[in-house]
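Please look through the model shown here before reading on. The paragraphs that follow begin with one side-chain contact, widen to the whole chain, and then return to individual residues.

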Amino acid sequence: MSEIVLCRVDSRLIHGQVVTKWLQQSGANQIFVVSDELEKDEFLKSIYLMAAPPGVDVKTYGIDSAIAYFKNEAINSTAKVLFLVPDLTTVAAMVSEGIITKDIQVGGLGGGPDRRNVLKNINLSENDVIILESLLAKGLNVFFQAIPEDNPIEIAKLIEKYRAL
């Protein structure tokens, strides 16, 4: 069965840090991207596929097709997976289906309306905070870490900062 060696929430999905640092650090030989938007956009998908280094298998699925894949096809795979999602809603869906069962690394959540900056690349909305609190309540280890050289920061500290803003 496929082994998820790193689950990362990063609105940028496949980019330089993922390709050069996290792929090597995690020992992954496959990048698995779950994004409904990417699944529907062949042009954008092709750009992300080109960003991956040679020899690294990249799979892109939407939420429903990713669930189906992990419940059926992943059983026959021995891949070590770097699991990427663009947002907390998507990771929450993967948790509720039992696909993600342990550590969740938050690496970047972009800005936008109703979002507050709590740290470097992390902008949270009230809905994000609700999801994060739900993940923590399930006993998952959720933390922020931009690059491997950084020390992980407990997400509870960022929730506190969000509440104080």
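**From one polar contact to the whole fold**

In this predicted model, the side chains of Asp128 and Arg115 make a polar contact with each other, at 2.7 Å. Asp128 belongs to helix 6, which covers residues 126–137, and its relative accessibility is 7%. Since the limit for a buried residue is under 20% relative accessible area, Asp128 therefore counts as buried. When residues up to four places away in sequence are set aside, Asp128 touches Leu88, Arg115 and Asn123, so that Arg115 appears both in this set of neighbours and as the side-chain partner in the polar contact. For a sense of distance across the model, one may take Lys40, which is 88 residues away from Asp128 in sequence and 24 Å away in space, from C-alpha to C-alpha.

How many helices and strands make up the protein that surrounds this contact? The protein has seven helices and nine strands. Its radius of gyration is 15 Å, close to the 15 Å that the globule rule gives for 165 residues, and it is therefore as compact as a globular protein of that length. Along the principal axes, the C-alpha trace spans about 45 × 30 × 30 Å. Of the 165 residues, 48% count as buried, and the accessible surface of the protein comes to about 8,100 Å², with 51% of it belonging to carbon and sulfur atoms. Among contacts with a separation of 6 or more, 71% are accounted for by residues 24 or more positions apart. As for charge, the protein has 16 positive and 21 negative charges, and the mean positions of these two sets are 4 Å apart.

Returning to single residues, we may next consider Leu119, which is found in strand 6, made up of residues 116–119. Leaving out residues up to four places away in sequence, Leu119 touches Phe144, Ile153 and Leu158. Ile14, by contrast, lies 105 residues from Leu119 along the chain, and the C-alpha atoms of the two are separated by 21 Å.

Several loops also deserve attention. Ser77 lies in the loop that runs between helix 4 (63–72) and strand 4 (80–85). Is this loop residue buried or exposed? With a relative accessible area of 13%, Ser77 is buried, and its contacts, not counting residues up to four places away in sequence, are with Met1, Ser2 and Tyr69.

Two further loop residues can be read together for their backbone angles. Leu13, placed in the loop between strand 1 (3–10) and helix 1 (16–26), has a positive phi of about 55 degrees although it is not a glycine. Asp114, found in the loop between strand 5 (104–108) and strand 6, likewise has a positive phi, near 60 degrees, in a residue other than glycine. Which of the two terms, buried or exposed, applies to Asp114? Its relative accessibility is 71%, and because a residue counts as exposed when this value is over 50%, Asp114 counts as exposed. Leu13, for its part, has a relative accessible area of 4% and is buried.

Key: Residues are numbered from 1 along each chain as its sequence is written. This is a predicted model: local features need pLDDT of at least 70, side-chain atom pairs count only at pLDDT 80 or more; totals for chains, interfaces and linings use all residues. Side-chain values use heavy atoms; hydrogens and water are left out. Helices (H or I, at least four residues) and strands (E, at least two) are DSSP runs, numbered from the N terminus. Buried means under 20% relative accessible area, exposed over 50%, partly exposed in between (1.4 Å probe, protein chains only). Contact means heavy atoms within 4.5 Å. A polar contact is a pair of N or O atoms within 3.5 Å; within protein, one must be able to donate a hydrogen and the other to accept it, and residues adjacent in sequence count only if both atoms are side-chain atoms. The radius of gyration is taken over C-alpha atoms; the globule rule is 2.2 Å times the number of residues to the power 0.38. Accessible areas come from the Shrake-Rupley method with a 1.4 Å probe; for residues, only the protein chains shown count as cover. Lys and Arg count as positive and Asp and Glu as negative; His and the chain ends are not counted. The place of a charge is taken as NZ of Lys, CZ of Arg, CG of Asp or CD of Glu.
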